[in-house]
Amino acid sequence: MNSKRPSSVHIREVGPRDGFQNEPELIPTADKIRLINALGRSGFKRIEVASFVRPDVIPQLSDGREVLNGIDVPDDVQLMVLVPNSKGLDNALGLRDKFHEVAIFVSASETHNLRNVNRTVSQTMADNEVMAKRIVAEDLGCSAVIATSFGCPFEGAIPLDQTLVLAEQFAAAGVTEIGFGDTTGMANPAYVSEFFTAALDRLPGVEVTAHFHNTRGQGLVNAYAALEVGCTSFESSFGELGGCPVPAGSTGNIATEDLVSMFHEMGVQTGLDLSAVIDAARAAQTVLGRKLTSHSIIAGPIDWAPAAS
Ligand code: ZN
């Protein structure tokens, strides 16, 4: 086998932002804080906790300031916030000492970008380059997310080069991590293998992060495909929360606990306490008052101990 499979990976938990943003309920701030605190004690070293978007557009995340001020996680947990534009960055920097990393974003698809932020890709990238320089100057980590990297619900297939040219622009602007998002679950493992091989080759010195959605049930096999060509950085959401609500009713990000279960069974270390992650996902299920779609919530971790006779 000619696998480039790493022996350990990083997983950023994105449920408190990417997850909660796309759930229909408004989750009470105190519950968000309690769930983030639980995640922070599950072994995560990276958590996306808030965004600074307009509250009239995304009311689910209008309490970002209160969340950042209220959470209490170990000192070595890197907290990330998402900002859509310079105004959002201005607002975030008002709480500069409450987080460590800032994520900025664009869509690889022109149509998706226009519908998402009402600007062209080139307009968005011009703003992103200015923001990246400001974020780096603040001595914060700067991560970029490229949505619809593997396909667009409006435009269909997105050429590999179209996505990687944007990634190279981000890298040139000082971005040190680039997440490739399968926003509506259009990736397949063969393409993921080709894509991450090229991305890892063309982005030296940049952390290349895989962000898959389970919209069509292929999230985990896509993560496996990225792992096997050497990807060491993943994002996922406890409870399989969230994801882009297109098509309507579809599931969201891959479930962190399912991803961790797969990696651990393969002997790939994550540094996470799987039982604690499952407990956090079950707690989220209780807060939302309905069943979530993660498999490990139901099945629990694999217990290899011999059954008592
Ligand atoms: Zn996502």
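Let me start with a pair of helices: the axes of α6, residues 121-137, and α7, residues 160-172, come within 10 Å and cross at roughly 20°. Since angles under 35 degrees count as roughly parallel, α6 and α7 are therefore described as roughly parallel to each other. As α6 passes α7, the crossing is right-handed. On the α6 side the contact is made by Val 121, Met 125, Asn 128 and Glu 129, and on the α7 side by Leu 166, Gln 169 and Phe 170. Sorted by character, the residues of this contact are four nonpolar, two polar and one charged. I should say here that what we are looking at is a predicted model.

Let me move on to helix α10, which spans residues 256-266 and is mostly covered, with eight of its eleven residues buried. Those buried residues are Thr 256, Glu 257, Asp 258, Leu 259, Val 260, Ser 261, Met 262 and Phe 263. What, then, covers the buried residues of α10? The covering elements include the strands β1 (10-13) and β8 (233-236), together with the helices α9 (219-228), α11 (274-288) and α12 (295-299). After α10 comes Gly 267, whose phi is positive, near 85°.

One of the helices I have just mentioned, α12, contains Ile 297, and I would like to stay with that residue for a moment. Is Ile 297 buried or exposed? Its relative accessible area is 6%, and because buried means under 20%, Ile 297 counts as buried. Leaving out residues up to four places away in sequence, Ile 297 touches Gly 239, Glu 257, Ile 278, Ala 281, Arg 282, Gln 285 and Leu 292. For one of these partners, Gln 285, there is also a distance to report: Ile 297 and Gln 285 are twelve residues apart in sequence, and their C-alpha atoms are 9.1 Å apart in space.

Finally, the nonpolar cores. The largest one has 91 residues, and the members that touch the most other members are Ile 104, Phe 180, Phe 196, Phe 212 and Phe 234. Helix α11 supplies the largest share of this core, seven residues. If we take Phe 196 and set aside its neighbours within four places in sequence, its contacts are Phe 150, Phe 180, Val 208, Thr 209, Ala 210, Phe 212, Ala 226, Val 229 and Cys 231. There is also a second, separate core of five residues, which includes Met 80, Ala 103, Phe 105 and Val 145.

Key: Residues numbered from 1 in each chain as written. Predicted model: local features only at pLDDT ≥ 70, side-chain atom pairs only at ≥ 80, totals over all residues. Heavy atoms only, no water. Axes fitted to C-alpha atoms, helices over the stretch in contact; angles between N-to-C directions. Helix = DSSP H or I, 4+ residues; strand = E, 2+ residues; numbered from the N terminus. Parallel < 35°, antiparallel > 145°, perpendicular 65-115°, else oblique. Left-handed = near helix turned anticlockwise from the far one by under 90°. Contact = heavy atoms within 4.5 Å. Nonpolar A, V, L, I, M, F, W, Y, C, P; charged D, E, K, R; others polar. Buried < 20%, exposed > 50% of the residue type's maximum accessible area, 1.4 Å probe, protein only. Core = buried A, V, L, I, M, F, W, Y, C linked by side-chain atoms within 4.5 Å.
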